[in-house]
Each structure stands twice: as C-alpha cells, then as structure tokens.
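Got your viewer open? Here is a short walk through one model, with a suggestion at each stop for what to select and what you will find there.

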Amino acid sequence: TTSIENATLNLFDNKSWVICPTEIINKSDNDKVSSIVKLLHAKPVIMDPKFHDRLTAWGSHLPFITSTILFKSISDHPGWEKIAQLASSGFADTTRLASADTRMKADILMTNKSNIVDSLIKFEKQLKQFITLLKEEDTANMYEYLKIAKFKRDIWIEHRQLI
C-alpha cells in the first residue's frame, strides 16, 4: 500500500537519486538539488533524461512487467486456488511488484513505451532461449545458463551492498 504506515526512515540511505538536468537548468540549480539529495543520505547521479529512460526500462519497468505477467499467468490458471495454497515465499517475492500502484505504473509504462518494448523484445529472446534448453533437454547448457545468471546476480548483490 502507499500510506504513511509504510514509510521507511532510511528509505534513501545510500541510494542513487537521479537528477536529469536540461538546457534551462544551470549548474547552480544542479548543485542545490544535489545538496538536498545528500541531506537525505542519498547519492546524486547526474544523467541525461533519455539515457535514464532507457536504463529504467530495464532496471525498473521490465521487473514490474515480468512480475505482473507472472502473477497474472499463474492466477489465471484453472488450478489457481490449489497453486495459491502451495505457492512459496519465492513466488511472493518474485511477484511483489505486481502489487504496485496501478495508475502510476500504467502512466509510467505508457510514457516510456518505446524503451520498454525494446527491453521486452530482448527479454523474449532470453525466454525463447530458456524454452529451447528445456525442450532439447540440454542439461549442460541449462546448468551453464543458470550458473552464469547466479554468478552475475551474486556479484551485483555484493557490489550493491558496497556502493
């Protein structure tokens, strides 16, 4: 939910806060905004707005979409009531983003649609590759695929804690 009861004291601590300057904003204004961001214990990151939109399509919007599609796919299954009884904490974790504010998410998705479509097309390619590995019972390459993903995520998690 989006109420004050869900507020987090250290929400911005050590988190990146992207500032997207434009031609009409001078360096002094950027410096002021950066100072406010630092007061919140966040890290100001100056970034071109179009570059920001391309990156957030991948790091924010695609995870929301996949979470939503995953939940919708499973909850539309005829055996959903039984599946819901068996669903693990991993299912709850993986689909958490599907509970985001729908109006806000719909607006964001529509304003960044070209970047999101690009990320979905590339995600679809990965999904097709994964399906092929399963269909062909390619255990060695499936293991390698999972191992590489785990390795990269583990590095990201470790690095993320250090930043």
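**Stop 1: two positive phi angles**

Select Glu137 to begin: its relative accessible area is 68%, so the residue counts as exposed. Keep in mind as you click around that this is a predicted model. Glu137 sits in the loop between α6 and α7 (139-162). Turn on the backbone torsions here: Glu137 has a positive phi of about 50° although it is not a glycine. Why is that worth a click? Because most residues other than glycine have a negative phi.

Now jump to Asn14, in the segment before β1 (16-19). What is phi here? Near 60°, again a positive value in a residue other than glycine. Asn14 is partly exposed, since its relative accessible area is 41%.

**Stop 2: along α6**

Go back to Glu137, which comes just after α6, and select that helix, residues 113-135. How far does α6 reach from its first C-alpha to its last? Its 23 residues cover 32 Å, close to the 33 Å expected at 1.5 Å a residue.

Colour the helix by accessibility next. Which residues of α6 are buried? They are Asn115, Ile116, Ser119 and Leu133.

Zoom in on Ser119, which lies in helix α6. Buried or exposed? Ser119 has a relative accessibility of 0%, so it counts as buried. Show what surrounds it: leaving out residues up to four places away in sequence, Ser119 touches Ala57, Trp58 and Leu62.

**Stop 3: α2 across α6**

Those three partners of Ser119 are among the α2 residues that meet α6, so add α2 to the selection because the next step is the angle between the helices: α2 is oblique to α6. In numbers, the axes of helix α2 (residues 49-75) and α6 come within 9 Å and cross at roughly 60°. As for handedness, α2 passes α6 in a right-handed crossing.

Which side chains should you show? Try this selection:

- From α2: Asp53, Arg54, Ala57, Trp58, His61, Leu62, Ile65 and Thr66.
- From α6: Asn115, Ile116, Asp118, Ser119, Leu120, Lys122 and Phe123.

Colour the contact of α2 with α6 by residue class and you should get 7 nonpolar, 4 polar and 4 charged residues.

**Stop 4: α2 across α5**

Keep α2 on screen and swap α6 for α5, residues 102-111. The axes of α2 and α5 come within 11 Å and cross at roughly 120°, which means that α2 is oblique to α5. The crossing of α2 past α5 is left-handed.

Here is the selection for this contact:

- From α2: Ser60, His61, Phe64 and Ile65.
- From α5: Lys105, Ile108 and Leu109.

By class, the contact of α2 with α5 has 4 nonpolar, 2 polar and 1 charged residues.

**Stop 5: Leu109**

Centre the view on Leu109, in helix α5. Its relative accessible area is 18%, so Leu109 is buried. Which residues is Leu109 in contact with, neighbours within four places in sequence aside? The list is His61, Phe64, Ile65 and Ile116. You have met His61, Phe64 and Ile65 already on the α2 side of the contact with α5, while Ile116 is one of the buried residues of α6.

Draw a distance from Leu109 to Ile65, C-alpha to C-alpha: the two are 9.0 Å apart in space and 44 residues apart in sequence.

**Stop 6: two longer rulers**

Select Leu86 in helix α3 (residues 80-86). Buried or exposed? Leu86 has a relative accessible area of 73%, so it is exposed. Stretch a ruler to Ile148, 62 residues away along the chain, and the C-alpha atoms turn out to be separated by 29 Å.

Finish at Asp48, in the loop between β2 (43-46) and α2. Its relative accessible area of 45% makes Asp48 partly exposed. What separates Asp48 from Met142? The pair is 94 residues apart in sequence and 38 Å apart in space, C-alpha to C-alpha.

Note on methods
Residues are numbered from 1 along each chain as its sequence is written. This is a predicted model: local features need pLDDT of at least 70, side-chain atom pairs count only at pLDDT 80 or more; totals for chains, interfaces and linings use all residues. Side-chain values use heavy atoms; hydrogens and water are left out. Helices (H or I, at least four residues) and strands (E, at least two) are DSSP runs, numbered from the N terminus. Buried means under 20% relative accessible area, exposed over 50%, partly exposed in between (1.4 Å probe, protein chains only). Contact means heavy atoms within 4.5 Å. The expected span of a helix is 1.5 Å times one less than its number of residues. Axes are lines fitted to C-alpha atoms, for helices over the stretch in contact, and angles run from 0 to 180 degrees between N-to-C directions. Angles under 35 degrees count as roughly parallel, over 145 as roughly antiparallel, 65 to 115 as roughly perpendicular and the rest as oblique. A crossing is left-handed if the near helix is turned anticlockwise from the far one by less than a right angle, and right-handed if clockwise. Ala, Val, Leu, Ile, Met, Phe, Trp, Tyr, Cys and Pro count as nonpolar, Asp, Glu, Lys and Arg as charged, and the others, Gly among them, as polar.
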